[in-house]
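Work through the exercises below with the model open beside you. Try each task before reading its solution.

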Amino acid sequence: MTSTSQVITCKAAVCWKVGEGVKVEEIQVDPPKSNEVRLKMLCSSICHTDISSIQGSPMFNFYPLALGHEGVGVVETVGDEVKSVKEGDTVIPTYIEECQECENCISGKSNLCMTCPVRLTGLMPDNTSRMSCRGQRLYHPSSCATWSEYTVIDAKLLVKVDPSIDPAHASFISCGFSTGYGAAWKEAKVESGSSVAVFGLGAVGLGVISAAKMLGATKIIGIDINDMKREKGEAFGMTHFINPSNSHKSSSALVKELSGGMGVDYSFECTGVDPLLTESLEATKVGSGKTIILGLGNEPYVSLGLFTIAFGRTLKGSMFGGLKPKSDLPILADKCINQEFPLQELFTHEVQLTDIEQAFELLKQPNCVKVVIKIYYYSKNRIKKR
């Protein structure tokens with residue numbers, strides 16, 4: 001396009017109805033409005049939330065969907081009132097804002113901005129969409145749609161990063177890995193010398209392990225039914241591994257065996273599997289154990305063992321691991337550039353955007369952690385499609 005004020009026709013992954021899967025379609029992306037930015041996506045990756053949206057999530061029950069919320073891109077066009085970024089900047093899109101003025105932003109008790117709450121409408125703040133396909137408005141579950149060559153997002157949801165950052169690694173820290181890392185760092189505030197149990201060793205769980213190690217936890221127990229996750233967990237700092245399918249005992253009982261019979265100080269439920277919520281609570285110490293829930297299933301309500309929580313344990317929810325995008329995400333981006341955690345261990349598979357349907361088959365392989373969706377990559381300081 002020679003004029004950035006025009007509508008762009010490009011490729012994107014679209015889900016037309018619940019359970020149908022995704023199809024690569026030609027879509028139209030409008031120019032950004034005054035406080036918005038249009039991005040040219042470098043790459044994206046798949047998060048479990050995207051899969052839930054395809055299968056039918058209680059949070060995102062509207063179609064057709066332009067999917068994807070993990071990713072990194074370059075600013076292609078800015079709205080008239082945007083001052084925070086300019087054309088050519090490398091940015092990470094997020095779904096949480098930080099006004100730095102409301103009660104939550106100032107207190108430090110929560111990363112959920114009260115001035116600009118998380119949007120679950122699938123639309124822009126003015127309740128319209130900048131994306132369409134075959135004449136139909138496209139919704140986007142998490143304030144943007146990153147499985148697209150171009151996307152439009154509210155400028156307040158962008159975090160500028162150093163252009164030298166590895167695009168795939170930038171995509172990983174835009175949601176999954178950072179959610180886990182932040183949960184240990186900001187939500188649980190894991191203490192030095194403490195014990196930790198992590199249920200589910202995907203990108204979120206590995207993020208928890210990485211932060212727990214950084215914070216000085218001495219016992220970090222990873223729980224997964226896939227034995228191939230042991231090596232990944234150890235790369236990030238896991239000290240013990242449990243595959244509950246190899247035992248007739250419950251996961252919580254196995255954790256207690258590794259923690260002197262008392263349980264751990266902190267546990268993190270990263271799978272979204274309903275029965276594991278009670279198991280993760282049971283795995284913690286009576287009276288003081290703290291569990292952070294990070295995995296979200298497809299059901300709006302789950303059962304919970306009443307006596308498990310009645311004995312003084314704490315259960316806490318979390319969005320984006322308690323991280324504030326403007327304050328905290330740049331810290332993780334710097335750690336990423338300085339290679340302070342082995343994000344290459346997450347990168348197991350990659351596909352072109354046009355082959356995104358293959359990505360869901362790759363996710364079924366036992367050695368798969370993250371699938372990178374290649375869109376545009378940097379090459380000698382210019383954007384090059386490959």
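**Exercise 1: Two positive phi values**

Lys189 is exposed, with a relative accessible area of 52%; exposed means over 50%, buried under 20% and partly exposed in between, with a 1.4 Å probe and protein chains only. The model is predicted, so local features need pLDDT of at least 70, side-chain atom pairs count only at pLDDT 80 or more, and totals for chains, interfaces and linings use all residues. Residues are numbered from 1 along each chain as its sequence is written, and side-chain values use heavy atoms, with hydrogens and water left out.

Task: Place Lys189 and Ser143 in the chain, and give the phi of each.

Solution.
1. Lys189 sits in the loop between α4 (176-187) and β11. Helices (H or I, at least four residues) and strands (E, at least two) are DSSP runs, numbered from the N terminus.
2. Lys189 is not a glycine, yet its phi is positive, about 55°.
3. Ser143 lies in the loop between β8 (136-137) and β9 (150-154). Its phi is near 70°, again positive in a residue other than glycine.
4. Ser143 counts as buried, at 9% relative accessibility.

**Exercise 2: Pocket and cavity**

Task: Which residue classes line the second largest pocket, and which line the largest cavity?

Solution.
1. Fix the terms. On a 1 Å grid over the protein atoms alone, a cavity is a set of points where a 1.4 Å probe fits but cannot get out. A pocket is an open set with protein on both sides within 12 Å along at least five of seven lines. Lining residues have an atom within 4 Å of a point.
2. Take the pocket. The second largest one holds about 180 Å³ of space. A volume is the space filled by probe spheres set on the points, which are joined across faces, edges and corners.
3. Its lining includes Gly108, Lys109, Lys186, Lys189 and Asp328.
4. Sort that lining: no nonpolar, four polar and seven charged residues. Ala, Val, Leu, Ile, Met, Phe, Trp, Tyr, Cys and Pro count as nonpolar, Asp, Glu, Lys and Arg as charged, and the others, Gly among them, as polar.
5. Take the cavity. The structure has one of 30 Å³ or more. The largest cavity has a volume of about 70 Å³.
6. Ser143 is part of the cavity lining, as are Tyr95, Arg119 and Asp154, among others. The lining divides into seven nonpolar, one polar and three charged residues.

**Exercise 3: Salt bridges across the chain**

Task: For Lys33, Glu345 and Glu282, find the salt-bridge partner of each.

Solution.
1. A salt bridge is a side-chain nitrogen of Lys or Arg within 4 Å of a carboxyl oxygen of Asp or Glu. The structure holds 20.
2. Lys33 pairs with Asp126, the closest N and O atoms being 3.0 Å apart. The pair links distant parts of the chain, 93 residues apart: Lys33 in the loop between β2 (23-29) and β3 (36-45), Asp126 in the loop between α2 (103-107) and β7 (131-133).
3. Lys33 is partly exposed at 41% relative accessibility, and Asp126 is partly exposed at 36%.
4. Glu345 pairs with Lys232 at 3.1 Å between the closest N and O atoms. These two are 113 residues apart, with Lys232 in helix α6 (residues 229-236).
5. Glu345 is partly exposed at 24%, whereas Lys232 is buried at 17%.
6. Glu282 pairs with Arg313, with 4.0 Å between the closest N and O atoms. Glu282 is in helix α8 (residues 275-282), 31 residues from Arg313.
7. Glu282 is partly exposed at 24%, and Arg313 is buried at 8%.
8. Shared partners join Lys33, Glu36, Asp126 and Arg130 into one network.

**Exercise 4: The largest nonpolar core**

Task: Which helix gives the most residues to the largest nonpolar core?

Solution.
1. A nonpolar core is a set of buried Ala, Val, Leu, Ile, Met, Phe, Trp, Tyr and Cys residues joined through side-chain atoms within 4.5 Å.
2. The largest has 105 residues, and Leu346 is one of those that touch the most other members.
3. Helix α5 (residues 203-214) gives the most to this core, with seven residues.
4. Another core, of nine residues, lies apart and includes Ile221 and Leu254.
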